[in-house]
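Student: I've just opened this model and I'm not sure how to read it. Could you walk me through a few features?

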Amino acid sequence: MSTARDAAENPYSQAEIDVNDKAAVERWSQALGVPDSALLKAVQEVGPRVDKIKDYLGAGGMAGDQEDG
């Protein structure tokens, strides 16, 4: 299991996402089950910590419908 997937499944993970690394954004988007755009918006709103991003996205980070509509 990847580090991103492990952190994505840990509700207390304080791992941080490097939004300047395109590959990292893609890995984290996949691990959290959200589109890249939703992940980047979450980072803008709450910062790069995975625990805060998952709270922002709701449903433990598995809310795949977070794109602007």
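**Two helices and two salt bridges**

Tutor: Happy to, and keep in mind that this is a predicted model. Let's start with a helix pair: the axes of H3 (residues 36-46) and H4 (residues 50-57) come within 9 Å, crossing at roughly 110°.

Student: How do I read the angle between H3 and H4?

Tutor: Angles of 65 to 115 degrees count as roughly perpendicular. H3 and H4 are therefore roughly perpendicular to each other.

Student: Which residues in H3 and H4 meet?

Tutor: From H3, look for Ala 38, Leu 39, Lys 41, Ala 42, Val 43, Glu 45 and Val 46; they meet Lys 52, Ile 53, Tyr 56 and Leu 57 in H4. Sorted by type, the residues of this contact are 8 nonpolar, 3 charged and no polar.

Student: How many salt bridges does a search of the whole structure find?

Tutor: For a salt bridge, you look for a side-chain nitrogen of Lys or Arg within 4 Å of a carboxyl oxygen of Asp or Glu. The search turns up 2 of them here. One joins Lys 22 to Glu 26, with the closest N and O atoms 3.4 Å apart. Both residues sit in helix H2 (residues 22-32), 4 residues apart, or about one turn of the helix. Arg 49 and Asp 51 also pair up through their side chains, at 2.6 Å from N to O.

Student: Is Asp 51 buried or exposed?

Tutor: Buried means under 20% relative accessible area. Asp 51 has 11%, so it counts as buried, while its partner Arg 49, at 24%, counts as partly exposed.

Student: And what about Lys 22 and Glu 26?

Tutor: Lys 22 counts as exposed at 62% relative accessibility, and Glu 26 as partly exposed at 38%.

Conventions: Residues numbered from 1 in each chain as written. Predicted model: local features only at pLDDT ≥ 70, side-chain atom pairs only at ≥ 80, totals over all residues. Heavy atoms only, no water. Axes fitted to C-alpha atoms, helices over the stretch in contact; angles between N-to-C directions. Parallel < 35°, antiparallel > 145°, perpendicular 65-115°, else oblique. Contact = heavy atoms within 4.5 Å. Nonpolar A, V, L, I, M, F, W, Y, C, P; charged D, E, K, R; others polar. Buried < 20%, exposed > 50% of the residue type's maximum accessible area, 1.4 Å probe, protein only.
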